[in-house]
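Colleague: I have a structure open and would like to learn how to read it. Could you take me through it step by step?

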Amino acid sequence: MFDRFLQWLESTPPAIAISESSWLFPGIESVHVLAIALVVGSITMVDLRLLDINLRERPVGELIAEVLPWTWTSFAVALLSGALLFSSNATKYWGTVPFRAKMLLLTLAGLNMLAYHATIHRSVDLWGSRAPTPRAAKISGGLSLGLWIGVVTLGRWIGFV
Amino acid sequence: MLDDFIHWLGATPVSQLIQKVFWIIPTVQAVHILAISVVLSSMAMFDLRLLGLAGKRSSIASLSRRFMPWLWGALIVLAASGSILIVGEPKRALGNLSFLLKMCMLAAAIIVTLGFQAVLKRDLEGGSADLAPAHGILAKITGLLSLTLWVGIAVAGRLIAYTG
């Protein structure tokens with residue numbers, strides 16, 4: 001069932017165009033790398049703040065409100081460009097370990113972010129301007145940093161299998 | 001001559017080691033990309049501020065103090081990881097048009113950054129609270145140039161894998 005979906009994906013016009021063109025894949029891949037750089041860089045700023053390492057003079061809530069729109073915009077670009085790259089050779093990518101592991105870590109990073117926003121972040125006005133940050137915030141920031149480093153590493157690894 | 005150097009470098013024990021151990025190149029490339037994300041994000045924030053498009057609550061001087069250490073720190077990591085990649089695959093990078101273009105843009109980006117930092121420093125030492133208002137146009141040109149160059153550097157870097 002899923003195999004058929006992957007085959008259908010590969011047969012869509014954009015997927016065919018990408019796999020037949022000599023410059024579309026490198027072009028979209030460049031966009032993908034740029035978008036990921038902004039996603040990871042902006043998230044790292046927040047993570048380091050949650051870990052109490054950087055930007056201590058900025059209230060956490062304010063920093064997150066300022067950075068998050070950039071993160072989401074870049075993420076949308078990364079997702080779209082990534083989906084296009086994936087479609088060009090869907091069956092092959094799906095069959096590789098680094099791709100599956102990357103998707104798993106990406107999901108975990110998303111869940112970690114959801115958990116943070118559903119719990120600790122609700123009281124950010126109470127602790128966001130005070131040092132040190134609560135232990136739960138540190139754990140959340142550390143997890144996020146580790147997961148995203150894993151996502152980038154595995155992403156690069158996809159090109160080697 | 002370049003071919004001789006590439007051949008010699010590829011035959012060195014260090015290069016042989018990097019070529020033989022399968023995980024070194026992907027791992028170092030991952031480190032390289034992580035450092036690029038630090039550079040691109042820091043410079044995007046700083047350049048957009050120079051262009052007046054974001055972060056206007058903070059002064060140019062304070063953002064400069066915040067982001068420049070990250071830029072230089074990440075560039076050291078990039079130079080180190082990039083060197084390992086070149087030693088491991090000298091033929092892939094040296095003599096590659098994208099690589100050459102990337103290095104030219106990198107040199108230009110560093111010159112633009114150092115030049116702007118020198119102007120900012122002189123303004124601050126001259127008693128100005130931030131970049132002197134007279135240098136507003138310079139800030140915009142710097143922001144645009146810098147942003148374009150850093151994006152170009154990242155793109156050219158990825159294209160090394162595809163060009164010869």
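Modeller: Gladly. Let's begin with the fold: chain B contains 7 helices and 0 strands, and its pattern along the sequence reads α-α-α-α-α-α-α. Keep in mind that this is a predicted model.

Colleague: How many helices and strands does chain A have?

Modeller: Chain A has 8 helices and 0 strands, giving α-α-α-α-α-α-α-α when read along the sequence.

Colleague: What confidence does the predictor report for the complex and for chain B?

Modeller: For the complex, the predictor gives an ipTM of 0.92 and a pTM of 0.94. Chain B has an average pLDDT of 96, and 100% of its residues score at least 70. Within chain B, confidence is lowest in helix 5 (residues 90-93), with a mean of 94, and highest in helix 6 (residues 97-125), at 98.

Colleague: Next, dimensions. What box do the C-alpha atoms of chain B fill?

Modeller: Taken along the principal axes, that box is roughly 55 × 30 × 25 Å for chain B. The C-alpha trace of chain A spans about 55 × 30 × 25 Å along its own principal axes.

Colleague: And what share of each chain counts as buried?

Modeller: In chain B, 34% of the 164 residues count as buried; in chain A, 37% of the 161 residues do. You can also ask how far along the sequence the contacts reach. Taking contacts between residues at least 6 apart in sequence, 79% of those in chain B join residues at least 24 apart, and for chain A the figure is 80%.

Colleague: Now the packing. How should I describe two helices that lie against each other?

Modeller: Two packed helices are described by the angle between their axes and the distance between those axes. Try helix 6 and helix 8 of chain A: their axes come within 9 Å and cross at roughly 160°.

Colleague: Are helix 6 and helix 8 of chain A roughly parallel or roughly antiparallel?

Modeller: An angle over 145 degrees counts as roughly antiparallel, and therefore helix 6 and helix 8 of chain A are roughly antiparallel to each other. Helix 6 of chain A passes helix 8 of chain A in a left-handed crossing.

Colleague: Which residues meet there?

Modeller: From helix 6 of chain A, they include A:Phe99, A:Leu105, A:Leu108 and A:Tyr116; from helix 8 of chain A, they include A:Leu143, A:Trp148, A:Val151 and A:Trp157. By class, this contact has 16 nonpolar, 5 polar and 1 charged residues.

Colleague: Let me pick A:Leu108. Why does A:Leu108 count as partly exposed?

Modeller: A:Leu108 has 16 C-beta neighbours inside 10 Å, so it counts as partly exposed; being buried would take 20 or more. A:Leu108 belongs to helix 6 (residues 97-118) of chain A. For a sense of distance, A:Leu108 and A:Leu24 are 84 residues apart in sequence and 30 Å apart in space, C-alpha to C-alpha.

Colleague: Last topic, the interface. How many residues of each chain are in contact with the other?

Modeller: The size of an interface is often given as the accessible area lost when the parts come together. Here we can use residue contacts: 18 residues of chain A are in contact with 18 residues of chain B. On the chain A side, helix 3 (24-50) and helix 8 (135-158) each supply at least two residues. Helix 3 of chain A gives the most, with 12 residues. That side of chain A has 11 nonpolar, 5 polar and 2 charged residues.

Terms used: Residues numbered from 1 in each chain as written. Chains lettered and ligands numbered in written order. Predicted model: local features only at pLDDT ≥ 70, side-chain atom pairs only at ≥ 80, totals over all residues. Contact = placed C-beta atoms within 7 Å. Helix = DSSP H or I, 4+ residues; strand = E, 2+ residues; numbered from the N terminus. Nonpolar A, V, L, I, M, F, W, Y, C, P; charged D, E, K, R; others polar. Buried ≥ 20, exposed ≤ 12 C-beta atoms within 10 Å, placed from the backbone. Axes fitted to C-alpha atoms, helices over the stretch in contact; angles between N-to-C directions. Parallel < 35°, antiparallel > 145°, perpendicular 65-115°, else oblique. Left-handed = near helix turned anticlockwise from the far one by under 90°. pLDDT = per-residue confidence, 0-100.
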